[in-house]
Amino acid sequence: MIMKIIRYIFVSLSLLILSGCNFLDLEPQDFVNNDEYYNTEEDLQAALNGIYSELASGNLYKSYFIGRAGLDADQGYQQRDGDAKTLGEYYVVATDIKVLSIWQTLYRGINNANILLANVDKESIDIERSERQRIKGETLFLRAYFYFLLAQNWGDVPYITVPTEGAKPEDIQIARTPALEVYDHIISDMNTALPYVKQIDELGYGGKVSQSAIHGILARVHLYVAGEPYNRTEDYALARKHAWEVISSNKHKLNPDFQQIFINYAQDIYDIGESIWEVEFYGNGTGLYAQLGGYVGGTNGIRNSSEKNNVGYTYDYINATKFAYDLYKTVNSKTDIRRDLTIAPFKYSTPSGSTVNDAPDKINWTSTQIFNRNAGKFRREYEILFPKHKSYTPTNFPLLRYADVLLMFAEADNEVNHGPTVEAYNAVNQVVRRGFGEDPLTPNADYDWEGMDYDSFKSEIRNERARELCFEALRKRDLVRWGIFVEQMKRCLADAQAAPTFNDLNHAIDTYSNASERDVVWPIPSYEIGLNPKLTQNAGW
């Protein structure tokens, strides 16, 4: 906890130093002169912390990405009236404020990374070579990750590597770079960064970039390039290679208790075996660092509309779908334990006369009330920091878990060999065993996969990713790269139309009615097109 507080002090200082610009603006908005500022090791580290802080922005993983941007796709729908007919319900227009805010936040992170990269090699800075390289490596990776999010969500985007401050118009007011070219830059920068950053066991926590994180995200990037719409299938071998680097490092293992993973995120417990990279949040919305809390568990948790109990207020933006619920299997009368931990089987009810020291009642939903159920992984009842704020939570959010790496390896291995090998089964069976509450490393004939051909393994690995990674902001992009996004959204529409009626069901019907082929990407924000006449709009928008 003390180390996390110290890191957040540096982040707070960084936010005072770095003030982002729109990437097309020609006049600097930073109030610190770069020539005067980037002169010490502390300056460089504070600037790097400021770049990390963009991940914790409300426009990214603090709020929008965890429940208000439609990224749960066929697994969950946004059902808050205040967000109706916006991005989360696939009711999107090019003037949508969320679309613009996400775009600008990503480019602000990129611009701040470009500023740091332009200054990190100054000979006048007294710093050990290894530390200079580490800062450069983490910065290169973060810039590449921001571009990865841009390419995933918009396709072709301008690729800019010079700071906005002092730039010529022709350097930053440029046309959209083809997405595949952007991906190649991403891959190159991540590989360049790889030897510069620390091993995760040297770091001791997942709040900063490690070699394991870079290998794991590179596996993810290569899977996206191998899939739709690029279909560069040779990248499956590279995805397999990078995932195997994480596995064979022997620095990671699954937490044997699936629930404990999410308790750890809520209680500042770092488990580098399971959680390779995570966005850090701190505090309960009070004191000097109040702005450093997040909304994890508050936005994407189980509805609790009362502050008169010890759970913590929850806005419950996300409800589950029947498709997501039905994916979890029952084998030998034992149901996959992830189902009721991921999709909450109950709602909270606060008896009259309750106080913040009392636990609310838990009222189980009926077997037909599937669409009523909230996302359940991030539960405010796990928090141990009191008093609990109505909005802010200290819960971290996972960007890369070891389970994801195992599943990516298994998927890529199946593609490379046109059928699963022993190594693919070894990887996926660890995840499956834990899903049924069994020891991940002990073979179990009741649950282990075997004897599948290429097609059946591919189908089942897609379902296993859904079971394991539900509500972790990955599902929409998986569906897009598999080429089944529209198909799955229409499947959920049929389920919603057949579901028993309740107050929030209209949000599900609207979401799955609105989704269409154009929604594989978002529109280029109209505001940005107005600033840069070289920008063009995505098809259908």
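In this predicted model, D74 and R475 are both buried. Their side chains meet in a salt bridge, with 2.9 Å from N to O. The two residues come from distant parts of the chain: D74 sits in the loop between α3 (41-53) and β1, R475 belongs to helix α17, and 401 residues separate them. In general, side chains of opposite charge can pair when their charged atoms come close.

This pair has plenty of company, as a search of the whole structure finds 38 salt bridges. Another of them joins R80 to D316, whose closest N and O atoms are 3.3 Å apart. R80 lies in the loop between β1 and α4, and D316 in the loop between β2 (275-279) and β3 (318-320), so this salt bridge ties together parts of the chain that are 236 residues apart in sequence. The surroundings of the two partners can be set side by side: R80 is partly exposed, with a relative accessible area of 25%, whereas D316 is buried, with a relative accessible area of 0%.

A further salt bridge is formed by E381 and K362, again with 3.3 Å between the closest N and O atoms. Here E381 lies in the loop between β7 (361-364) and β8, while K362 is in strand β7 itself, so the parts tied together are 19 residues apart in sequence. E381 counts as partly exposed at 30% relative accessibility, and K362 counts as partly exposed at 44%. Elsewhere, salt bridges that share partners build one network, and its members include E274, K329, D336, R338, R401 and R434. Also joined into this network are K377, E460, E464, R467, E468 and E472.

A buried charged residue may also lack such a partner, and E89 offers an example: E89 is buried yet has no salt bridge. The nearest side chain of opposite charge belongs to K85, 5.8 Å away, while a salt bridge requires a distance within 4 Å. E89 is found in the loop between β1 (76-78) and α4 (97-119). Leaving aside neighbours within four places in sequence, E89 is in contact with Q78, A84, H507, D510, T511 and N514.

Attention now turns to the nonpolar residues. The largest nonpolar core has 118 residues, and those with the most contacts inside it are L55, Y61, F141, L142, Y145, W154 and W277. Helix α5 (residues 129-154) gives the most to this core, contributing 13 residues. Apart from this core lies another, of 22 residues, among them Y90, V480, L493 and A508. Y145, one of the residues with the most contacts inside the largest core, is in contact with L55, Y61, M190, I217, R220, W277 and L399, when neighbours within four places in sequence are left aside.

The search of the whole structure also finds six cavities of 30 Å³ or more. The largest cavity holds about 230 Å³ of space and is lined by 22 residues. Nearest its centre lie Y61, Y145, R220, A473 and L474. Y61 and Y145 thus appear both here and among the residues with the most contacts inside the largest nonpolar core. Helix α5 supplies the largest share of the lining of the largest cavity, five residues. At least two lining residues come from each of α5, α9 (211-226), β8 (397-401) and α17 (475-482). Helix α5 therefore has a part in two settings, giving the most to the largest core and the largest share to the lining of the largest cavity.

Key
Residues are numbered from 1 along each chain as its sequence is written. This is a predicted model: local features need pLDDT of at least 70, side-chain atom pairs count only at pLDDT 80 or more; totals for chains, interfaces and linings use all residues. Side-chain values use heavy atoms; hydrogens and water are left out. Helices (H or I, at least four residues) and strands (E, at least two) are DSSP runs, numbered from the N terminus. Buried means under 20% relative accessible area, exposed over 50%, partly exposed in between (1.4 Å probe, protein chains only). Lys and Arg count as positive and Asp and Glu as negative; His and the chain ends are not counted. Contact means heavy atoms within 4.5 Å. A nonpolar core is a set of buried Ala, Val, Leu, Ile, Met, Phe, Trp, Tyr and Cys residues joined through side-chain atoms within 4.5 Å. On a 1 Å grid over the protein atoms alone, a cavity is a set of points where a 1.4 Å probe fits but cannot get out, and a pocket is an open set with protein on both sides within 12 Å along at least five of seven lines; lining residues have an atom within 4 Å of a point. Grid points are joined across faces, edges and corners, and a volume is the space filled by probe spheres set on the points.
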